[in-house]
Amino acid sequence: HRYRTRTMAVDNDLLAPLAMFIIAGAYYFLSAQRIINEDFVDASVRQMVGLMYISDVGFNLVTSRLSRSKGKKTAPKKAPTGTPGLVLNLLPLTDLVGLVCAFEAIRLAGSGFHQTVGGASIPISCLLNVLITGKVFSTGQLTGISIVILGLAVKAKSLLDSNDDGGGGGAGFPAVAVAHVLVSCVGYALRGIAMEYLSDNGVDGRTMTMRMGVTGVACWASYTLAFTAPDFGAKVTGPFSAASTRVGAVASFALYATHALSRGLASGTIPRIIALGGATALSLAQVTRASIIILLSSVSFCGSDERQCLDAYGVASAALVIAGSAYYGTSKSFEEELDDLIDPDVADEMDSVIGEAEEILEELVDLYVEEHGSEPTEDEFLAWTESLKRAGAEAERKVSKKAATPKKATPAKKPKKAASAKAKETKPKAKETTTTRRKSARK
């Protein structure tokens with residue numbers, strides 16, 4: 001809640017998914033680097049993109065099957081329509097752009113380079129959030145972003161110095177790799193904004209993951225048919241045969257299998273980490289993973305690929321980027337800073353009101369599911385509650401109208417001439433009673 005400060009407690013339940021995310025995620029990137037370095041297939045095949053999407057879809061299908069076998073049933077959800085439906089359809093595009101560019105940067109400059117320069121995702125995400133959603137960042141978060149930018153500036157200086165020293169024969173400034181990393185950061189930042197919007201509109205994580213995975217597999221399959229299939233032997237069969245002979249058939253199979261498994265395990269732990277420790281725990285886990293990848297990339301690949309080696313500038317840049325990311329992840333949000341300015345008694349009272357409102361909201365959602373058989377999107381829920389308000393107002397209007405309508409007086413029989421005087425007295429009294437009744441109805 002906006003007025004409730006959230007604290008993160010790392011307990012035994014959280015340590016297991018954190019360890020799995022860090023270890024499996026680090027292995028995922030390092031094994032991807034190994035597969036790329038061994039040239040199992042031609043670079044134009046984009047095999048890492050296909051592997052990742054196939055792994056995501058397969059892992060989601062397996063976990064979904066296991067959930068059903070354990071008897072866990074959830075109410076079927078309608079496909080979102082309107083703006084949420086449009087955002088859900090655009091979500092795979094942002095993920096595809098980010099993924100393709102990220103793996104191309106790894107191929108061109110290595111995992112360590114990608115992890116360091118990829119720290120630009122924090123300031124890029126901040127800028128896009130401000131422009132698209134109007135989000136406000138706290139002083140602590142802006143400080144963390146500034147430290148990350150300083151670390152990127154150190155890396156840029158190192159790359160520019162290497163370009164000057166390289167002359168005509170050196171590797172020079174990896175402008176293409178930098179461009180790929182920055183474009184991937186934009187793609188992933190847009191993906192994050194889209195996923196947050198969809199979550200707020202009732203779209204669950206599995207639906208988003210499956211939409212990205214299935215769309216990614218379809219796009220990669222279409223790309224393969226168009227650009228790889230016509231020259232399949234030269235791009236796939238020949239290189240893979242030579243590489244598997246060099247590496248070993250069993251070792252090659254194990255490398256691919258463990259790579260796909262590590263991807264599924266790392267992705268599968270993300271919802272649990274967020275549920276137990278929040279976004280802060282996930283941010284710190286990503287920072288820890290990045291530091292491990294940068295270090296192990298240098299240890300594992302520096303001997304065969306000088307791009308992976310860490311010099312003094314590289315160490316300083318990586319340290320600043322990691323420190324800035326950690327500071328950003330542990331800083332209070334703008335809303336939490338506002339919480340500190342609110343009187344505790346007022347905050348407790350507001351929490352109580354919010355709690356009661358949430359209970360009412362849950363009851364309304366349950367009522368909607370009972371009537372319609374599925375959980376509503378935000379737009380559907382708002383439209384439904386508006387219809388309830390209109391129906392309530394109409395019912396109240398009918399009751400008021402019925403109460404205000406005077407009963408028709410029974411026509412009196414013509415009095416006999418002997419009772420004429422008595423009738424004259426009764427008539428004004430009846431008129432007075434009717435008038436009084438009308439006045440009461442108006443009130």
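How much accessible surface does the protein have, and what percentage of it belongs to carbon and sulfur atoms? I looked this up first: about 26,100 Å², with 62% on carbon and sulfur. Accessible areas here come from the Shrake-Rupley method with a 1.4 Å probe, and for residues only the protein chains shown count as cover.

**Ground rules.** I am working from a predicted model, where local features need pLDDT of at least 70 and side-chain atom pairs count only at pLDDT 80 or more, while totals for chains, interfaces and linings use all residues. I number residues from 1 along each chain as its sequence is written, and side-chain values use heavy atoms, with hydrogens and water left out.

**Overall.** I find 15 helices and 0 strands; these are DSSP runs numbered from the N terminus, helices being H or I of at least four residues and strands E of at least two. Of the 443 residues, 34% count as buried. For burial I use under 20% relative accessible area as buried, over 50% as exposed, and partly exposed in between (1.4 Å probe, protein chains only). I also checked contacts, meaning heavy atoms within 4.5 Å. Among those between residues at least 6 apart in sequence, 84% join residues at least 24 apart.

**Cores.** Next I went through the nonpolar cores, which are sets of buried Ala, Val, Leu, Ile, Met, Phe, Trp, Tyr and Cys residues joined through side-chain atoms within 4.5 Å. The largest has 22 residues, and Phe113, Ile124 and Val181 touch the most other members. Helix 7 (175-200) is one of the elements giving two or more residues to this core, and its share of 6 residues is the largest. I also noted a second, separate core of 19 residues, with Ala26, Val49, Val247 and Leu255 among them.

**Helix 5.** I followed Ile124 further and found that, not counting residues up to four places away in sequence, it touches Leu182, Cys185, Val186 and Ala189. The buried residues of helix 5 are Ile122, Pro123, Ile124, Cys126, Leu128 and Asn129. Asn129 counts as buried because its relative accessibility is 7%. Leaving aside neighbours within four places, Asn129 is in contact with Gly134, Lys135, Phe137 and Ile193. Gly134, just after helix 5, takes a positive phi of about 75°.

**Surface patch.** Which residues form a nonpolar patch on the surface? I listed Leu86, Leu90, Leu93, Val97 and Val183, with about 420 Å² of accessible area together. Patch residues have over 30% relative accessible area and no salt bridge; like charges are joined within 9 Å, nonpolar side chains (Val, Leu, Ile, Met, Phe, Trp, Tyr) within 5 Å. Helix 3 (residues 82-109) gives the most, 4 residues. Leu93 is exposed because its relative accessible area is 52%.

**Salt bridges.** I counted 8, taking a side-chain nitrogen of Lys or Arg within 4 Å of a carboxyl oxygen of Asp or Glu. Arg34, Glu38 and Arg246 are linked in a network. The closest N and O atoms of Arg34 and Glu38 are 3.0 Å apart, and Glu38 meets Arg246 at 3.3 Å, N to O. That second pair links distant parts of the chain, 208 residues apart: Glu38 in the loop between helix 1 (12-37) and helix 2 (47-69), Arg246 in helix 9 (residues 232-247). Glu38 is buried at 17%, whereas Arg246 is exposed at 52%.

I closed with Arg191 and Asp95, whose closest N and O atoms are 2.7 Å apart. Arg191 is in helix 7 and Asp95 in helix 3, 96 residues apart. Asp95 is buried at 4%, and Arg191 is partly exposed at 24%.
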